Amino acid sequence: SGEIGQSLLAKLDSRGLKGLAIWHDGPVYAFTRGEPAVTPAVLKGMKVRVAPSKPLEALLQKSGAAPISMPATEVYLALQQGVVNGVVTTPTYAAPAKWGEVLTTMTRGAMWGVGGYGVAMNKRSWEKLTPEQQAGLSKAVAEATAWNQAQTLENIKNSEKTLADGGMKIVDLTPEQIAAWTTLAKEVWATQSDDIKAMVAKIQK
């Protein structure tokens, strides 16, 4: 609902969509088999599954890891067989997918992002609605968004507990370790478009 979120939703207009909300799915962490990813050096030589994302792939490459893209349904077996050694994802996905059975550590605090979804509808359909209908739909979406926020926070807590109860080691980065990851992330940010750079600058304020 903030300025950055609204600017992202507005970009959907050119694609014939009316952006209504952004729902988040929790923070994105680094999961590994073995040593926790407390520094970029830990990931050197590792094969890490990541959802398609140029910035995340670039960050992994700068750490010396090989980013691997594959369907989520194939990740469990790939981890089990050693095809990949780690995953960058949310705990709310890792826990129900049972990846905790084939991963040993989860590292929180690095600049991996936030999982989420855009809520949108066909722009022409939106424009066919009366002002009253648009207001009613917007109100319903706002209420659903508030529910999503509360539900996601609960899901994060429950997912992390499920992973920890299953034996996963959860590690929080120290300020010094966060600084090391941030230095690497800034090198990636510097290669992005002016729009992205401006957005990152706003987020950092």
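Good morning, colleagues. I begin with one pair of strands: β2, residues 29-32, and β5, residues 86-89, run antiparallel and are joined by four bridges. Within this pairing, A30 has V88 of β5 as its bridge partner. Please bear in mind throughout that the model is predicted.

Let me place that pair in its sheet. The sheet is open and consists of six strands, ordered β4-β3-β5-β2-β6-β8, with mixed pairing. Its edges are formed by β4, residues 66-68, and β8, residues 169-172, each of which pairs on one side only. On average, and with direction ignored, neighbouring strands of the sheet are turned by 25° against each other.

Which strands does helix α6 touch as it packs on this sheet? The helix, residues 131-165, touches β2, β6 (105-108) and β8. The direction of α6 makes about 140° with that of β6.

I turn now to the chain as a whole. The protein chain has eight helices and eight strands. Taken along the principal axes, its C-alpha atoms fill a box of roughly 55 × 40 × 30 Å. Of the 205 residues, 35% count as buried. As for contacts between residues at least 6 apart in sequence, 72% join residues that are at least 24 apart.

Finally, the surface and the charges. The accessible surface of the protein chain comes to about 11,600 Å², and carbon and sulfur atoms account for 56% of that area. The chain carries 22 positive and 18 negative charges, and the mean positions of these two sets are 4 Å apart.

Thank you for your attention.

Note on methods
Residues are numbered from 1 along each chain as its sequence is written. This is a predicted model: local features need pLDDT of at least 70, side-chain atom pairs count only at pLDDT 80 or more; totals for chains, interfaces and linings use all residues. Side-chain values use heavy atoms; hydrogens and water are left out. Two strands pair if DSSP finds at least two bridges between them. Helices (H or I, at least four residues) and strands (E, at least two) are DSSP runs, numbered from the N terminus. Axes are lines fitted to C-alpha atoms, for helices over the stretch in contact, and angles run from 0 to 180 degrees between N-to-C directions. Contact means heavy atoms within 4.5 Å. Buried means under 20% relative accessible area, exposed over 50%, partly exposed in between (1.4 Å probe, protein chains only). Accessible areas come from the Shrake-Rupley method with a 1.4 Å probe; for residues, only the protein chains shown count as cover. Lys and Arg count as positive and Asp and Glu as negative; His and the chain ends are not counted. The place of a charge is taken as NZ of Lys, CZ of Arg, CG of Asp or CD of Glu.
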